[in-house]
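Open the structure in your viewer and keep the selection tool handy. We will go from stop to stop, and at each one you will hear what to select and what is there.

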Amino acid sequence: MAKEETKREAGDAEGSKNGETAPDDVVDEVEERKCDKWDFMKLSVLVDDIFAQELHSMFKDYARVEHLSNIKLGISIVALIVGIFTLVHEYVLSLPEATTISGVGVVLYWILMVVFTVHVFFFEKAHVILLEHTEDDGSKSSVRLLNVWTAYTPEITTQVYLKKGNNSETMVEEKSLVSNYVYEDGQVSVEHVRKFVESLVHKDGMRW
């Protein structure tokens with residue numbers, strides 16, 4: 001209780017500097033943007049999510065495209081069901097009765113994994129966020145962001161792809177250090193992420 005009151009007082013003190021009282025949800029929002037900086041998976045998911053939010057805030061008229069991610073999730077669920085069914089079936093039935101069904105299950109599982117890989121690399125393209133917008137002339141505009149995390153090194157390669165109407169797609173790429181956005185206590189600096197995303201979107205070479 002004392003810890004929570006201290007956080008609330010800190011938030012109120014920050015607000016009082018501007019002559020206003022900080023809302024109760026300010027502290028909660030800050031806490032959601034903090035994680036163990038040594039947990040690579042959690043950190044990458046959190047940072048990617050903030051990148052996505054900041055890019056979307058710059059393109060408010062654009063709608064976020066979710067169906068590609070939903071297809072990937074659907075393929076994963078089907079593959080998981082096939083794998084579990086195959087294992088249970090082989091455990092319940094003794095050989096050789098289980099051989100045929102198990103073989104079909106294994107083949108189907110690997111087919112699904114191939115479909116999953118093709119979908120990720122050629123359709124979804126592992127983007128962090130994909131936004132689309134229909135222009136007045138009926139043409140489609142899109143912007144997508146991709147973060148490539150280098151395993152075991154503190155570096156991110158960020159790519160932003162922009163397609164405006166009937167123009168061809170343009171892309172900019174820039175590397176940055178994870179330490180640019182994450183403090184020692186695991187707090188992610190939203191302001192630094194925002195400035196970096198803005199610099200990429202307005203970088204020379206992007207065709208508007």
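The tour begins with the whole chain, moves on to the sheet, and ends among the side chains.

**Stop 1: the whole chain**

Colour the chain by confidence before anything else, since this is a predicted model. The mean pLDDT of the chain is 78, and 78% of its residues reach 70 or more. Now select residues 1-32: over this stretch the pLDDT is below 50. Beyond near neighbours in sequence, residues 1-32 have twelve contacts in the model.

Switch to a cartoon view. You should find six helices and five strands. Walking from the N terminus, the elements come in the order α-α-α-β-α-α-β-β-β-β-α. Of the chain's 208 residues, 34% count as buried. Take the contacts between residues at least 6 apart in sequence: 52% of them join residues at least 24 apart.

**Stop 2: the sheet**

Select the strands. In what order do the five strands lie in the open sheet? They run β1-β2-β3-β4-β5, with antiparallel pairing. At the edges are β1 (63-64) and β5, each pairing on one side only.

Zoom in on β2 (residues 129-134) and β3 (residues 140-149), which run antiparallel and are joined by six bridges. Select T134 and look across to β3, where K140 stands opposite.

Next, add helix α3 to the selection. This helix packs on the sheet and touches β1, β2, β3 and β4 (155-163). The direction of α3 makes about 155° with that of β3.

**Stop 3: two buried residues**

Stay with helix α3 and select E54, which is found there. Is E54 buried or exposed? Its relative accessible area is 8%, under the 20% cut-off, so E54 counts as buried. Setting aside residues up to four places away in sequence, E54 touches V190, V193 and R194.

Now select Y62, in the loop between α3 and β1. Y62 is also buried, with a relative accessible area of 8%. Show what surrounds Y62: beyond its neighbours within four places in sequence, the contacts include H56, L131, H133, S142 and K164. For a distance to try in the viewer, pick the C-alpha atoms of Y62 and L130; they are separated by 9.3 Å, while the two residues are 68 apart along the chain.

**Stop 4: the aromatic rings**

Show the side chains of the aromatic residues. With ring centres within 6.5 Å as the rule, the count comes to six aromatic pairs. Select F51 and Y181: their ring centres are 5.6 Å apart and their planes stand at 85°, so this pair is edge-to-face. F51 lies in helix α3 (residues 40-58) and Y181 in the loop between β5 (170-177) and α6 (190-201), so the pair ties together parts that are 130 residues apart in sequence. Both F51 and Y181 are buried.

Another edge-to-face pair is Y109 and W110, at 5.9 Å centre to centre and 85° between the planes. Y109 is partly exposed, at 30% relative accessibility, and W110 is exposed, at 56%.

Go back to F51 and Y181 and add F196: these residues form one aromatic cluster.

**Last stop: a charge over a ring**

Finish by selecting R144 and Y161. What sits over the ring of Y161? The charged end of R144 does, 3.9 Å from the ring's centre.

Key. Residues numbered from 1 in each chain as written. Predicted model: local features only at pLDDT ≥ 70, side-chain atom pairs only at ≥ 80, totals over all residues. Heavy atoms only, no water. Phe/Tyr/Trp six-rings, centres within 6.5 Å; stacked < 30°, edge-to-face > 60°. Helix = DSSP H or I, 4+ residues; strand = E, 2+ residues; numbered from the N terminus. Buried < 20%, exposed > 50% of the residue type's maximum accessible area, 1.4 Å probe, protein only. Lys NZ or Arg CZ within 6 Å of the ring centre and 35° of its normal. Pairing = 2+ DSSP bridges. Contact = heavy atoms within 4.5 Å. Axes fitted to C-alpha atoms, helices over the stretch in contact; angles between N-to-C directions. pLDDT = per-residue confidence, 0-100.
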